[in-house]
Structures are given as C-alpha cells and as structure tokens.
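Please walk me through this structure in the viewer. Tell me what to select at each stop and what is found there.

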Amino acid sequence: MKRPYVYLAGVGRWAPPRILRNDEFASMGLDTNDAWIVQRTGIRERHIAGPAENNRTMSAAASRMAMERAGVHPGEIDLIVLGTASPDHLLPSTAVELQAELGASRAAAFDICAACSSWLYGLIVAEGLMMSGSAETALVVGTEKLSSIVDWKDRSTAVLFGDGAGAAILRRSKHGKGILSTYFRSDGTLAPLLHRRAGGAAQPFDEHALHDRSFYIEMEGREVFKHAVRSMSDACDRALDGARMTGADIDLLIPHQANVRIIEATAKHAGIPMEKVFVNVDRYGNTSSASVPMALEEAMAAGRVTDGSTVLLVAFGAGFTWASLVIRF
Ligand code: UT7
C-alpha cells in the first residue's frame, strides 16, 4: 500500500442559482416528462449557468471556498490542474484564466480533458507532481458549463446535464491522512459512443456543423450505461485492492453522478450498501468533471465525511476514461 503523501486540505463547490426542473422541458418544446427522467436517471433538477457565468467565474468561486477552508493564499499555489469538457475558450486553457482570476502568480496551470473522470485524473496527476517535488500546494478543479454544449433539441441528452464547479487544495500529507491508492485507465476505441463530432481541428465548426448540430454532445446512452457500470465496478475493485481494503472498509462511496441506476449497480458490485453512498444527481444532474468534487463538498458539509473517514471516489466518462481513489480524511 502506498503511504499517503498528499491530502485534501480544503474542498469547495459552486453551482449557479438558476435551477431547471424536469417539468420545464415540456415548455421548451421537448417531448419528455418528469416521470421518465426520474425513473430512468434519478434526476429531478439541475443548475444552469446564466450568460454572465462561465467556467472562470464558477471555478474561481469553488476554488476560493477550498482555499479559505485550507487556509491557503493565491500566492502559495504552485500548481493548478483544471478538468473540463466545456472549456470557456479552445485556446488558451481555462486553467490559466482561473490562475489570472485568482492572482495565483506562482502557479503553473493546465487543463485536463478526461471528461467525467477529469477531476480524479487531476488528483492523480497533481499527486504525482507533488511526489516528484515539482509542486507543494496544488489546486485541482472540476468545472463545467455543459449547458453551452448540450443540444437543447435532443431529449436523449438535454435532460441529463447541468453546470457547476468543485475544487480541492492538495498539500503534503500529515498524520497518515490522504490519498491511499489510485487507479486510472482509458479506452479510446469507444470514443464515438459519447463525443462531439465537430468544432475541433478534425472537423472545424462550419455551416454544415451548424445545420446538422454535430458540435453538440452526442451519446449512445444505452451502450454508455453498460460500459459505465462495468468500468466503475472494475475501478472500485482496483482502488480497494491498491489500498488493501474491501468495500466493508469504506465509510462513504462518492461516485460520479450520471445516473442513480449506474450508482446503485456500482455500489452493489463493490459490496457497499446505499446508506454508505453519496447521491446528489437528483439535484444537479450530470456535471461531468465537477460531479465528484461537488458531491464530496456536499458530503463533507453534511457531516458524512469526518476526521478519519475512508472514502472511495470513482468516475467514468467520455473517451472512455475511468478512475478511482481511496482517500483517508
Ligand atoms: O457521464 C458519463 C456518461 N454518461 C452516462 O453515464 C449516461 C449513461 N446512460 C444513461 O444514463 C441512460 O442510458 C439514459 C438515461 C441516457 C437513457 O436511459 P435508457 O433506459 O438507456 O433509455 P433508452 O436510451 O434505451 O431509451 C428508451 C426509450 C426510447 O424510446 P423507444 O425507442 O423505446 O420508443 C427513447 O427514445 O426512451 C426514449 N427517451 C425518452 N423518453 C422521454 C429517450 N430520452 C427520453 C426522454 N424522455 N428524455
């Protein structure tokens, strides 16, 4: 088992105030209803960013909360790793926009694009850079304005996603607390199951993309569902093995919040009862990179993660990518 080298010194969250309820989709012209969405996904509402809100503003709010809780000033941060699938600009990274916004003048900053696994990938990358001596105080952020890349005319995806941000400050571990094990993997052969065809260099945005709406998220939901359960189950096993633990040792499972049925299947596989699983997909929908850090912050605020808690984080997303960590708080 790896000795804990890095711990989470403070966690923050921010979600835009505008809440979009399931029953509002009908008035937007979508052939859907609250009963279908709740039964198939567990989602009841999601937060949607307004025109003045973007990943810079949302991630800055979440980061400031994490920094305040960790007692860290912007000048102390020497690494910013930001996960997002909906960057504010294609160039430069959203991480440097956050670096400027926070005034983190000593920080190296870059984005990670591993879709819904991005924040977990970010923790793993930041841990590695801290272990190698390249950084001492890292800010790891997950932020999404998915409402800007969702096709609001496609009922199979529009009902699923939401906006928000979560963040954590990482510092050198003390008293045996911190990251106990990590695991991350990918399978790019499955990329077409969840992607945006146009808008990048391979298929630049043009009139055709505007017409066929190929610059929005497209997903084969049923196929993604199967892979999500399989990969998140595997990831739980691997992180538990790495920490020499079983599901019985875990105080709280915080899975990626995409669909309550995926969460239930993953927890069952890991041998963790639903009382020990944190679920907030009902109130936020799928916020991709932001999903796990937002859930972690809510779990901590609700007193479900306390001093000494052992927590299993697991995520799965486009790519496909998947990742997991066991952390002692
Ligand atoms: O973030 C990581 C990646 N994303 C995920 O993990 C999402 C994984 N997938 C899922 O969560 C589920 O597959 C969905 C929630 C997306 C869909 O649920 P499903 O039970 O797999 O439904 P389905 O796609 O098989 O569709 C069943 C029916 C279809 O109608 P027919 O062909 O049976 O007549 C759909 O057209 O439901 C229809 N449908 C809807 N009906 C009402 C699809 N979307 C909607 C909707 N409202 N919003």
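**Stop 1: an aromatic group**

Select Phe205, which is partly exposed, with a relative accessible area of 47%. Here buried means under 20% relative accessible area, exposed over 50%, and partly exposed in between, with a 1.4 Å probe and protein chains only. Now add Phe215, which counts as buried at 14% relative accessibility.

Before going on, note that this is a predicted model, in which local features need pLDDT of at least 70, side-chain atom pairs count only at pLDDT 80 or more, and totals for chains, interfaces and linings use all residues. Residues are numbered from 1 along each chain as its sequence is written, and side-chain values use heavy atoms, with hydrogens and water left out.

Rings of Phe, Tyr and Trp (its six-membered ring) pair if their centres lie within 6.5 Å; planes under 30 degrees apart count as stacked, over 60 as edge-to-face and the rest as tilted. The count by this rule is 5 aromatic pairs. One of them is Phe205 with Phe215, an edge-to-face pair at 4.9 Å centre to centre with 80° between the planes. Phe205 sits in the loop between β9 (194-195) and α6 (207-212), and Phe215 in the loop between α6 and β10 (218-219), 10 residues apart. Helices (H or I, at least four residues) and strands (E, at least two) are DSSP runs, numbered from the N terminus. Add Tyr216 to the selection: ring pairs link Phe205, Phe215 and Tyr216 into a cluster.

**Stop 2: a second ring pair**

Select Phe316 and Phe320. Their ring centres are 4.8 Å apart and their planes stand at 55°, so the pair is tilted. Phe316 is buried at 4% relative accessibility, and Phe320 is buried at 1%.

**Stop 3: the sheet of 4 strands**

Select β8, β13, β12 and β11, which form an open sheet in that order, with mixed pairing. Two strands pair if DSSP finds at least two bridges between them. The edges are β8 (178-186) and β11 (252-255), each with a single partner strand, so one side of each has no neighbour in the sheet. On average, neighbouring strands of this sheet are turned by 10° against each other, direction ignored.

Zoom in on β11 and β12 (residues 310-317), which pair in the parallel sense over 4 bridges. Pro255 stands opposite Val314 in β12. Next, show helix α10 (residues 291-301), which packs on the sheet and touches β11 and β12; its direction makes about 145° with that of β11. Contact means heavy atoms within 4.5 Å. Axes are lines fitted to C-alpha atoms, for helices over the stretch in contact, and angles run from 0 to 180 degrees between N-to-C directions. Helix α4 (residues 118-131) lies across β8, β12 and β13 (321-328), at about 60° to β13.

**Stop 4: the largest nonpolar core**

A nonpolar core is a set of buried Ala, Val, Leu, Ile, Met, Phe, Trp, Tyr and Cys residues joined through side-chain atoms within 4.5 Å. Select Leu253, Leu312, Phe320 and Val326: of the 45 residues in the largest core, these touch the most other members. The elements giving two or more residues to this core are β8, α7 (221-242), α8 (260-270), β12 and β13. The largest share, 8 residues, comes from α7.

**Stop 5: the sheet of 5 strands**

Select β1, β7, β6, β4 and β5, an open sheet in that order with mixed pairing. Which strands stand at the edges? They are β1 (6-14) and β5 (108-112), each with a single partner strand, so one side of each has no neighbour in the sheet. Neighbouring strands here are turned by 20° against each other on average, direction ignored.

Strands β6 (residues 138-145) and β7 (residues 163-172) run antiparallel and are joined by 8 bridges. Look for Val140, which stands opposite Ala168 in β7. Then show helix α2 (residues 55-70), which packs on the sheet, touching β1, β4 (79-83), β6 and β7, with its direction at about 135° to that of β1.

Keep β1 selected: 7 of its 9 residues are buried. β1 and β7 pair in the antiparallel sense over 8 bridges, and Gly12 stands opposite Ala167 in β7.

**Stop 6: cysteines**

A disulfide is a pair of cysteine sulfur atoms within 2.5 Å, and the count by this rule is 0. Select Cys113, whose sulfur is 10 Å from the closest cysteine sulfur, in Cys116, too far for a bond. Cys113 is exposed, at 67% relative accessibility. Finish at Cys236, which is buried at 0% relative accessible area. The closest cysteine sulfur to that of Cys236 is in Cys116, 15 Å away and too far for a bond.
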